[in-house]
Amino acid sequence: MPQHHNIVLVSYPENFAIQEAKGLVESMPNYRILKIFTQKYLNRAKYGMGAGKAEEIKQFVSQTTDVEKVIVDEHLSAKQLFNLETLLEIPVIDRERLILDLFYSKATTNESKLQIQLAEVQYKIPQVREKAKLMSKSGERAGKGGMGEYVVDVQFRDLKRQMSFIKEKLYDAHLKRLEYRKQRLRKGMFIVSLVGYTSSGKTTLFNLLTKENKETSARLFTTLSTTTRSLQSSHPSNTSEKTNDILLVDTVGFISRLPHYMIEAFKSTLEESLEADLILFLIDSSEELKDIGTKYSSSWNVLRDLKVDRSKLFILLTKADAADNQKLNEIMDYLEPSINKMAISSKTGYGLNKLKNIIISKKAEKVKTENIED
Ligand SMILES: Nc1nc2c(ncn2[C@@H]2O[C@H](COP(=O)(O)OP(=O)(O)OP(=O)(O)O)[C@@H](O)[C@H]2O)c(=O)[nH]1
Ligand SMILES: [Mg+2]
């Protein structure tokens, strides 16, 4: 049996936050949640959570065997982490660290590893800055050239150096992708990308449309790197369905409260998706309306951040097998009215032919306008 890592989770007293934090923790290999504590505020100066809650957790940790880590579902400063670890006497990690660790556990391609390293460096820089401030306050930094300052300076310079090194390598990968993209454009390829919240069903749909076999799962962030494949027609004999010049792109999903630097780190991957001719924006319709709203607006934050061209968007309500018509209509009414939308199910195949036809006709539209412009 695999060794379990026993976790105590601290989140907000809201169902959405708890479920998502649980999902993140349980997506880590062999992480097991022993107990969940909730706190209305996680931004208090000393521990993030209130001192009473921190004491309560200390009690639990000391009375329970083998608690390995406490995970706090919020960003914590270096000082808050230090204070908590001193009190609890076990490692404490915050939401961003958890997401980074999860990414590390999943990354397979060189580029996705580099992107995570870049996010990691950007996660550490403010912590080193903060340490420097603390040292100068506590007088450890006696004048210029003091020991504390020296250590912090070295760490800081080291991080900066790492950052430019990673950025250079990422830039190389970016150039390579740009070259592929040019080739595709030259060949008149029509590019369709799948974007949306993590677990919205992107890869499942991608597999069906391209006859691929990429990993899908109910865990969060199953996909971290980008895959491009051509759309496969369902009837190989049907020559009227020309799909071999249509490419589908599947990529990393979104999550709520994603810090800007993480979007920044994955920017080139995400931007590539947004440069497509058609962007399918997936929304999981099997969830509660309230949660759909939360995920929808989080997704929009990322899309806006990356300056999406709204005219390329087409909304897909996924997992329609798990929602009745009334609910699907309610969701449709809730979403941006100016963007076209339809419901599909990768499980039953509902709507997939219609979707293919939409993709094919959008391609035809593009070819037509290009011919006019020529
Ligand atoms: N009921 C139902 N479940 C589905 C459908 N499509 C996908 N799922 C399930 O939803 C979960 C997430 O699917 P994925 O395709 O991995 O989602 P994703 O958007 O690629 O997720 P990330 O890669 O983590 O961003 C899996 O457990 C799928 O089996 C569907 O049409 N109906
Ligand atoms: Mg996926």
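**Exercise 1. Helix 7**

Which residues are buried in helix 7? Locate the helix in this predicted model, and identify what its buried residues pack against.

*Solution.*
Step 1. Helix 7 covers residues 202–210.
Step 2. The buried residues in helix 7 are Lys202, Thr203, Thr204, Leu205, Phe206, Leu209 and Thr210. With 7 of its 9 residues buried, helix 7 is mostly covered.
Step 3. These buried residues pack against strand 5, strand 6, strand 7 (246–250), strand 8 (278–284) and strand 9 (313–318).
Step 4. Immediately after the helix, Lys211 has a positive phi of about 55°.

**Exercise 2. The shell around ligand 1**

Determine which residues come nearest to ligand 1, and state how the shell divides by residue character.

*Solution.*
Step 1. There are 22 residues around ligand 1, and Thr203, Thr204, Thr216, Thr223 and Gly253 come nearest.
Step 2. Helix 7 supplies the largest share of this shell, with 3 residues. Two of the nearest residues, Thr203 and Thr204, also appear among the buried residues of helix 7.
Step 3. By character, the shell comprises 14 polar, 4 nonpolar and 4 charged residues.

**Exercise 3. Positive phi outside glycine**

Examine Ser199 and Phe221: give the phi of each, its place in the chain, and its burial.

*Solution.*
Step 1. The background is that most residues other than glycine have a negative phi.
Step 2. Ser199 has a positive phi, near 75°. Ser199 belongs to the loop between strand 5 (190–196) and helix 7.
Step 3. Ser199 counts as buried because it has 26 C-beta neighbours inside 10 Å.
Step 4. For Phe221, phi is also positive, near 55°. Phe221 occupies the loop between helix 7 and strand 6 (227–230).
Step 5. The neighbour count of Phe221 inside 10 Å is 20 C-beta atoms, so Phe221 counts as buried; the cut-off for burial is 20 or more.

**Exercise 4. The buried face of helix 3**

Establish how the buried residues of helix 3 are arranged about its axis and which elements they pack against.

*Solution.*
Step 1. Helix 3 spans 78–88, and its buried residues are Gln80, Leu84 and Leu88.
Step 2. Viewed down the helix axis, these buried residues fall within an arc of 50°, and therefore they line one face of helix 3.
Step 3. The spacing can be related to a general rule: an α-helix has 3.6 residues a turn, so residues three or four places apart point the same way.
Step 4. The buried residues of helix 3 pack against helix 2 (51–63), strand 3 (67–72) and strand 4 (92–94).
Step 5. Glu89 follows helix 3 and has a positive phi, near 65°.

**Exercise 5. Nonpolar cores**

Which residues have the most contacts inside the largest nonpolar core? Continue with the contacts of Val70.

*Solution.*
Step 1. The largest nonpolar core contains 71 residues, and Val25, Val70, Val192, Leu194, Leu248, Phe281 and Leu316 have the most contacts inside it.
Step 2. Apart from its neighbours within four places in sequence, Val70 contacts Val8, Val10, Ile57, Leu88, Ile90 and Val92. Leu88 is also one of the buried residues of helix 3.
Step 3. A second, separate core has 5 residues, including Tyr197, Phe254, Val302 and Leu303.

**Exercise 6. Domains 1 and 2**

Describe the division into domains and the contact between domain 1 and domain 2.

*Solution.*
Step 1. The protein is divided into domain 1 (5–103), domain 2 (108–167) and domain 3 (188–373).
Step 2. The centres of domain 1 and domain 2, taken over C-alpha atoms, are separated by 24 Å.
Step 3. Contact involves 6 residues of domain 1 and 8 residues of domain 2.
Step 4. On the domain 1 side, helix 3 and helix 4 (95–106) each contribute at least two residues, and helix 4 gives the largest share, 3 residues.
Step 5. That side divides into 3 nonpolar, 1 polar and 2 charged residues.

**Exercise 7. The surroundings of Ile263**

Is Ile263 buried or partly exposed? Identify its contacts.

*Solution.*
Step 1. Ile263 is located in helix 8 (residues 260–265).
Step 2. Because 16 C-beta neighbours lie inside 10 Å, Ile263 counts as partly exposed.
Step 3. Beyond its neighbours within four places in sequence, Ile263 contacts Leu258, Val302 and Asp305. Val302 also belongs to the second core.
Step 4. Ile263 and Gln115 are 148 residues apart along the chain, and their C-alpha atoms are separated by 9.9 Å.

Technical notes: Residues are numbered from 1 along each chain as its sequence is written. Chains are lettered from A and ligands numbered from 1 in the order in which they are written. This is a predicted model: local features need pLDDT of at least 70, side-chain atom pairs count only at pLDDT 80 or more; totals for chains, interfaces and linings use all residues. A residue is near a molecule or strand if its C-beta atom, placed from the backbone, lies within 6 Å of it. Helices (H or I, at least four residues) and strands (E, at least two) are DSSP runs, numbered from the N terminus. Ala, Val, Leu, Ile, Met, Phe, Trp, Tyr, Cys and Pro count as nonpolar, Asp, Glu, Lys and Arg as charged, and the others, Gly among them, as polar. A nonpolar core is a set of buried Ala, Val, Leu, Ile, Met, Phe, Trp, Tyr and Cys residues joined through C-beta atoms within 7 Å. A residue is buried if 20 or more other C-beta atoms lie within 10 Å of its own, exposed if 12 or fewer, and partly exposed in between; C-beta atoms are placed from the backbone. Two residues are in contact if their C-beta atoms, placed from the backbone, lie within 7 Å. Domain bounds come from an automatic or database domain assignment. The arc is that of the directions from the helix axis to the C-beta atoms.
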